[in-house]
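Let's take a walk through this one together, starting with the whole chain and then zooming in on one sheet. Have the structure open and turn it as you read.

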Amino acid sequence: MRSRYIAVDWGSTNLRAWLFDNERCQESRESEAGVTRLNGKRPQAVLDEVTQGWRDGETPVVMAGMVGSNVGWKSVPYLPLPARLSAIGEQLTPVDHNVWIVPGLCVSREAHHNVMRGEETQLLGAHALAPSPVYVMPGTHCKWVQIDNERICDFHTVMTGELHALLLRHSLIGAGLPEQQPSQAAFDAGLARGLATPALLAQLFEIRAAHILGSLAPEEVSEFLSGLLIGAEVATMRERFGHQPIALVGGESLTRRYHQALAAAGQQASVIAGDTAFQAGIRSIVNAMAN
């Protein structure tokens, strides 16, 4: 077991790093230098800046996320599914001395193509912390992952978060709206609608009509839309995954919404913090490297 290592979650828009020693997090740092915001800097230089004072020649750095994409430090191959969970840590790509990138996961079949980067590390850690047959990982692109006997069998991506942002910012639904306000009641109403009627296409324009006609407050459109989209996602994906136990992995705000949606659909779920899962996943990989 290695006593000292660095874990890095390097996405498109930001970077987070944690220094571990004797299984304890000693310090964490954040940067806005995601792989699409390097502003001409080399990834090596950004990593050196973020980890200044942390590294010696023997301190391993394990990175995951978009840093391994075709717009990142190096395009790292995807690990095709089905695959053992342990295979994630067995196919690291070196990019510098003692600096490694975790592979993403992919599905490539005639009727199903999917990819993920970053979530695979959370998945590895989440399964070590709380084994479950199904993991739901809310975010811009929510992942629903099926696991069986330590093997990752399949996953699906639902673009709920991105669709919410696009509809609000670039469609008629969001045109002319005032600043949006939190509203549990509006979210609840949208959630009930989405769960009951997950076929969305005929419902989306009704959101604009509802606030124009006065039945939906204009400042609560975002909350209603969020509930509608999440409800439709949960209703649709539960048909695919059945009534198996579910673990939610992610940030507090989104996991709370998905937990409510699943409960309303009659499905209880456990919750694992996304950062906790990511760090546990890196720890598992680093400890396997030392053996």
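How many helices and how many strands does the chain have? There are 8 helices and 15 strands. Keep in mind that you're looking at a predicted model.

Start with the overall dimensions. The C-alpha trace spans about 65 × 45 × 40 Å along its principal axes. Is that what you'd want from a globule? For 291 residues, a compact globule would have a radius of gyration near 19 Å, and the chain comes in at 20 Å, which agrees.

Now for how the chain packs. Of the 291 residues, 51% are buried, meaning that they have under 20% relative accessible area. If you take the contacts with a separation of 6 or more, 63% of them are between residues 24 or more positions apart. On the outside, the chain exposes about 13700 Å², and carbon and sulfur atoms supply 50% of that area. As for charge, there are 23 positive and 29 negative ones, and the mean positions of the two sets are 3 Å apart.

Next, find the sheet. It's an open one with 6 strands, in the order E6-E13-E12-E11-E14-E15, and the pairing is mixed. Which strands stand at the edges? They are E6 (83-84) and E15 (269-273); each has a single partner strand, so one side of each is left without a neighbour in the sheet.

Let's move to strand E12, residues 142-148. Here 6 of the 7 residues are buried, so E12 is largely enclosed by the rest of the structure. On one hand, E12 runs antiparallel to E11 (residues 134-137), with 4 bridges joining the two. To see the register, look for valine 136, whose bridge partner in E12 is tryptophan 144. The two strands form a hairpin, with 4 residues between them.

E12 also pairs with E13 (residues 151-158), again antiparallel, through 7 bridges. Lysine 143 is a handy marker here: its bridge partner in E13 is threonine 157. E12 and E13 make a hairpin too, with 2 residues between them. Check asparagine 149 in that turn, since this residue has a positive phi of about 55 degrees.

Finally, head over to E14 (residues 246-250) and E15. What is the sense of their pairing, parallel or antiparallel? It's parallel, over 5 bridges. Isoleucine 246 stands opposite alanine 269 in E15, so to speak a good place to end the tour.

Methods. Residues numbered from 1 in each chain as written. Predicted model: local features only at pLDDT ≥ 70, side-chain atom pairs only at ≥ 80, totals over all residues. Heavy atoms only, no water. Rg over C-alpha atoms; globule rule 2.2 N^0.38 Å. Buried < 20%, exposed > 50% of the residue type's maximum accessible area, 1.4 Å probe, protein only. Contact = heavy atoms within 4.5 Å. Areas by Shrake-Rupley, 256 points an atom, 1.4 Å probe, with all protein chains shown as cover. Lys, Arg positive; Asp, Glu negative; His and termini not counted. Charge placed at Lys NZ, Arg CZ, Asp CG, Glu CD. Pairing = 2+ DSSP bridges.
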